[in-house]
Amino acid sequence: MPLFQPFRALGYVSDSVPFAVQRRGREIFVTVSVGKAWQIFNAAKLNLVFVGPQLPKSIKALASKGDFTFAASGRDIVVSKRAHIEGLWSGHFSA
């Protein structure tokens, strides 16, 4: 057993937006909001896998499915594939 083991607490780098968890094969990934961007971590090792693009407004909600990450920012929903923006749904109203 090594003297020091890697450890990262996601609560120190993320904000109050609920995180999204996704299983891809045998690995589990956690997507967290960090203000106007998002980050994807490998849950087993807590290492950073992807960093999303900076959005114009703060992220209010996150979801992930396959290679896609959905981030609600202001009145828009930004669709990203891995770390690149693929689409934008504008004019969203919450219920």
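This passage describes the fold, core, pocket and selected residues of a predicted model.

Residues are numbered from 1 along each chain as its sequence is written, and side-chain values rest on heavy atoms, with hydrogens and water left out. Because the model is predicted, local features need pLDDT of at least 70 and side-chain atom pairs count only at pLDDT 80 or more, while totals for chains, interfaces and linings use all residues.

The protein chain has one helix and eight strands, taken as DSSP runs numbered from the N terminus (helices: H or I, at least four residues; strands: E, at least two). Along the sequence these elements follow the pattern α-β-β-β-β-β-β-β-β. Of the 95 residues, 31% count as buried; here buried means under 20% relative accessible area, exposed over 50%, and partly exposed in between, with a 1.4 Å probe and protein chains only. Among contacts (heavy atoms within 4.5 Å) between residues at least 6 apart in sequence, 25% join residues at least 24 apart.

Turning to the interior, the largest nonpolar core has eight residues: F29, W38, I40, L55, I59, L62, A71 and V78. Such a core is a set of buried Ala, Val, Leu, Ile, Met, Phe, Trp, Tyr and Cys residues joined through side-chain atoms within 4.5 Å. Strand 3 (38–42) and strand 5 (59–65) each give two or more residues to this core. Beyond its neighbours within four places in sequence, the core residue I40 is in contact with F29, V30, T31, N47, L48, V49, F50 and T69. T69 itself lies in strand 6 and is buried, with a relative accessibility of 3%. With neighbours within four places again left aside, the contacts of T69 include W38, I40, L62 and V78.

Strand 6 also takes part in an aromatic pair, and the count of such pairs comes to one. The rings of F70 and W89 have centres 6.0 Å apart and planes at 20°, so the pair is stacked. By the rule used, rings of Phe, Tyr and Trp (its six-membered ring) pair if their centres lie within 6.5 Å, with planes under 30 degrees apart counted as stacked, over 60 as edge-to-face and the rest as tilted. The pair links distant parts of the chain, 19 residues apart: F70 sits in strand 6 (residues 68–73) and W89 in strand 8 (residues 84–89). F70 is partly exposed, at 23% relative accessible area.

The largest pocket holds about 180 Å³ of space. On a 1 Å grid over the protein atoms alone, a pocket is an open set of points where a 1.4 Å probe fits, with protein on both sides within 12 Å along at least five of seven lines; lining residues have an atom within 4 Å of a point. Its lining has 13 residues, and R24, I40, F50, G66 and D67 are the closest to its centre. Strands 1 (20–24), 2 (27–33), 4 (48–51) and 6 give two or more residues to the lining.

Two partly exposed residues complete the picture. V51, in strand 4, has a relative accessibility of 43% and, apart from neighbours within four places in sequence, is in contact with W38, Q39 and A83. R75 belongs to the loop between strand 6 and strand 7 (76–81), at 45% relative accessibility. R75 and K60 are 15 residues apart in sequence and 9.7 Å apart in space, C-alpha to C-alpha.

Conventions:
Grid points are joined across faces, edges and corners, and a volume is the space filled by probe spheres set on the points.
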